[in-house]
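Reader: Could you walk me through this model and explain how its labels are earned?
Author: Gladly; here it is.

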Amino acid sequence: LTFISKIAQRAGVSNRVVEAAVQILHEADEKYASLGKDPRGLAAAALYTASRMVGDNVTQKEIAYAANVTEVTIRNRFKELCRVLEIDLPRRKSD
């Protein structure tokens, strides 16, 4: 959760996104989806997923830069989170 607030601050995302990302990570922990994953990459993906859910227009690139991870990491973790947590979001060109 420390990573979420640091990344969110660097990326300039809203509090609504942060709250949703925290919830996503809690659910991922409950389903053991976070085991063995880099916490920064997982936090970044949770923020990206949350931004998509609340309708904020934050790109994978912006979050990747703020988290110091690759866009590929965010994409992979995003897909995993959506699959495990059964989140259905419309596809974007960047996905």
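Author: A residue is called buried under 20% relative accessible area, exposed over 50%, and partly exposed in between (1.4 Å probe, protein chains only). This is a predicted model, in which local features need pLDDT of at least 70 and side-chain atom pairs count only at pLDDT 80 or more, while totals for chains, interfaces and linings use all residues. Numbering starts from 1 along each chain as its sequence is written, and side-chain values use heavy atoms, with hydrogens and water left out.

Reader: With those cut-offs, why is Glu 86 called exposed?
Author: The relative accessible area of Glu 86 is 68%, and exposed begins over 50%, so the label applies. Glu 86 is found in the segment after α5. Its phi is near 55°, a positive value in a residue other than glycine.

Reader: What makes a positive phi worth pointing out?
Author: Most residues other than glycine have a negative phi. Tyr 32 is another case here: its phi is positive, about 60°, although Tyr 32 is not a glycine. Tyr 32 sits in the loop between α2 and α3, and with a relative accessible area of 61% it also passes the cut-off for exposed.

Reader: How many helices and strands does the chain have, and what counts as one?
Author: There are five helices and zero strands, where helices (H or I, at least four residues) and strands (E, at least two) are DSSP runs, numbered from the N terminus. Following the sequence, you therefore read the pattern α-α-α-α-α.

Reader: What makes the chain as compact as a globular protein of its length?
Author: Set the value against the rule: the radius of gyration is 11 Å, close to the 12 Å that the globule rule gives for 95 residues, so the chain is as compact as a globular protein of that length. Here the radius is taken over C-alpha atoms, and the rule is 2.2 Å times the number of residues to the power 0.38. Along its principal axes, the C-alpha trace spans about 30 × 30 × 25 Å. Buried residues account for 43% of the 95 residues.

Reader: What share of the contacts joins residues at least 24 apart?
Author: Counting contacts (heavy atoms within 4.5 Å) between residues at least 6 apart in sequence, 71% join residues at least 24 apart.

Reader: What makes a set of residues a nonpolar core, and which members of the largest one touch the most others?
Author: A nonpolar core is a set of buried Ala, Val, Leu, Ile, Met, Phe, Trp, Tyr and Cys residues joined through side-chain atoms within 4.5 Å. The largest has 33 residues, and Ile 7, Leu 47, Ile 63 and Leu 81 touch the most other members. The elements giving two or more residues to this core are α1, α2 (15-30), α3 (39-54), α4 (60-67) and α5 (71-84). Of these, α3 contributes the most, with eight residues.

Reader: Which residues does Leu 81 touch?
Author: Leaving out residues up to four places away in sequence, the partners of Leu 81 are Ile 24, Ala 28, Leu 42, Ala 45, Ala 46, Thr 49, Glu 86 and Ile 87.

Reader: How do you know whether Asp 56 and His 26 are buried, partly exposed or exposed?
Author: Asp 56 has 21% relative accessibility, and buried requires under 20%, so Asp 56 counts as partly exposed. His 26, at 38%, is partly exposed too. Asp 56 lies in the loop between α3 and α4, 7.8 Å from Val 17, C-alpha to C-alpha, with their positions 39 residues apart in sequence. His 26 belongs to helix α2, and its C-alpha is 15 Å from that of Asp 38, twelve residues away along the chain.

Reader: And why are Arg 10 and Pro 90 called exposed?
Author: Their relative accessible areas are 59% for Arg 10 and 63% for Pro 90, and both values are over 50%, so both are exposed. Arg 10 lies in helix α1 (residues 2-11); its C-alpha is 9.1 Å from that of Glu 62, 52 residues apart along the chain. Pro 90 is in the segment after α5, and 23 Å separates its C-alpha from that of Ser 34, 56 residues apart along the chain.
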